[in-house]
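Got the viewer open? Keep the selection panel handy and follow along, one stop at a time.

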Amino acid sequence: MLPMDSTKKLSFNRKITDGDLVIVYEKHDNMKAVKVNEYSVLENRFGVFKHSDWIGKPFGCKVSSHKGGFVYLLAPTPELWTLVLSHRTQILYIADISFVVMYLELIPGCVVLESGTGSGSLSTSLARAIAPTGHVYTFDFHEQRAAAAREDFEKTGLSGLVTIGVRDIQGEGFPKELVGVADAVFLDLPQPWLAIPSAGEMLKPDGILCSFSPCIEQVQRSSETLTAKFTDIRTFEVLLRTYEVREVKMDESQSEEGTPGSHRPCKRKHRATEASHWQQDGSGSPIVMARPSSEAKGHTGYLTFARLKCVA
Ligand SMILES: C[S@@+](CC[C@H](N)C(=O)[O-])C[C@H]1O[C@@H](n2cnc3c(N)ncnc32)[C@H](O)[C@@H]1O
């Protein structure tokens, strides 16, 4: 096991101070990032919240408005940041991000190269995975996007871990100064096969490349290019199935789900199977139901991983 110190986790470590970025959480699909300013207020449907009341409170706390409404103030973790950041491009979400971080075998101290940066959604998680001693070098050829991402890395406190460059990676490849330094390379580019030869030069022996592409034709072309210098080429499509969990009265559950028993009830309280509800206790109390969420995401793209061949 890696020696990890959980007190380093932002939400456990710190109380909110003036100038901090906090995620104001109303519910899972209603959150926003707010920079704390002791002279400012936040106004929403629950009332007016004075930032000065937030200072000195721990991340995760519940705070009240002048009318008694409340919100939670959460730490800006990569998971939450991905949900609130401003979308300047298509972004990667948690399912793909988790898979990428795991399959790229990222640990503290790793060096990762990325292109394009886009909205910095993935970069934020890459940075946390390699912190505190690693580094992410990320490149986008779009100057304004790169500038906006740089500002976001400042805001989220990651600027010491991420360097962003403006560069046409498909046309010019990665900078020569980075040859042989990367433990991993991640590509989210329209024509990744053009950048793969350069990515191969940047990787350490046995380093791993991942390319994200929405279309299977892109995967095919990338894979053809990968065969020259890479091995262990594998493509995954990550599909996430989210369940909504809520309490309903028996009548409601019958009208929504058909006759009770038409779905096999699951006796395990903490696992949703293909059955769409959990069994009630027989006392007539409301049933806790779990069913696939209507807002679940489908296809996002294909993740192709490959390992640089070691030349003995
Ligand atoms: C879909 S976005 C990346 C999103 C990113 N993975 C995220 O999670 O936020 C693709 C980015 O690639 C950049 N891009 C496209 N072609 C490029 C090239 N030749 N060199 C560098 N960046 C490029 C675009 O400007 C765009 O910002």
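Start by selecting Ile-97, Val-100 and Val-101 in helix 3, then add Ser-121, Leu-122, Ser-125 and Ala-129 from helix 4: these are the residues through which the two helices meet. By class, this contact has five nonpolar and two polar residues, with no charged ones. Bear in mind as you click around that you're looking at a predicted model.

Now show both helices in full, residues 94–103 for helix 3 and 121–130 for helix 4. They pack at an angle of about 40 degrees, and their axes are 10 Å apart. The crossing of helix 3 and helix 4 is right-handed.

Next stop, the sheet. Colour its seven strands and read across in the order 9-8-7-10-11-15-12; the sheet is open, and its pairing is mixed. Which are the edge strands? They're strand 9 (162–166) and strand 12 (230–236), each of which pairs on one side only. On average, neighbouring strands here are turned by 15 degrees against each other, direction ignored.

Zoom in on the strand 9 edge. Strand 8 (residues 135–140) runs parallel to strand 9, and five bridges join them. Pick Phe-139 and look opposite: there you'll find Gly-165 of strand 9.

Then select helix 7, residues 192–202. This helix lies across five elements you can highlight in turn:

- strand 7 (111–115)
- strand 10 (182–187)
- strand 11 (203–213)
- strand 12
- strand 15 (302–308)

Against strand 11, helix 7 runs at about 160 degrees.

On to the ligand. How many residues surround it? Show them and you'll have 23, the closest being Asp-140, Arg-145, Asp-168, Ile-169 and Asp-188. Now turn on distances to the backbone. For Leu-92, a backbone N or O atom lies 3.1 Å from an oxygen atom of the ligand. Gly-120 also has a backbone N or O atom by a ligand oxygen, this one at 3.3 Å. Swing round to Ile-169, one of the closest residues, and you'll see one of its polar backbone atoms 3.0 Å from a nitrogen atom of the ligand.

Last stop: select residues 41–44 and 47–50, which are strand 3 and strand 4. These two strands form a hairpin, with two residues between them. Their pairing is antiparallel and spans four bridges. To see one bridge pair, label Leu-42 and its partner in strand 4, Phe-49. If you'd like to draw the backbone hydrogen bonds, this is a good place to do it, because strands of a sheet pair through them, either parallel or antiparallel.

Methods: Residues are numbered from 1 along each chain as its sequence is written. This is a predicted model: local features need pLDDT of at least 70, side-chain atom pairs count only at pLDDT 80 or more; totals for chains, interfaces and linings use all residues. Side-chain values use heavy atoms; hydrogens and water are left out. Axes are lines fitted to C-alpha atoms, for helices over the stretch in contact, and angles run from 0 to 180 degrees between N-to-C directions. A crossing is left-handed if the near helix is turned anticlockwise from the far one by less than a right angle, and right-handed if clockwise. Contact means heavy atoms within 4.5 Å. Ala, Val, Leu, Ile, Met, Phe, Trp, Tyr, Cys and Pro count as nonpolar, Asp, Glu, Lys and Arg as charged, and the others, Gly among them, as polar. Two strands pair if DSSP finds at least two bridges between them. A residue is near a molecule or strand if one of its heavy atoms lies within 4 Å of it. A polar contact is a pair of N or O atoms within 3.5 Å; within protein, one must be able to donate a hydrogen and the other to accept it, and residues adjacent in sequence count only if both atoms are side-chain atoms.
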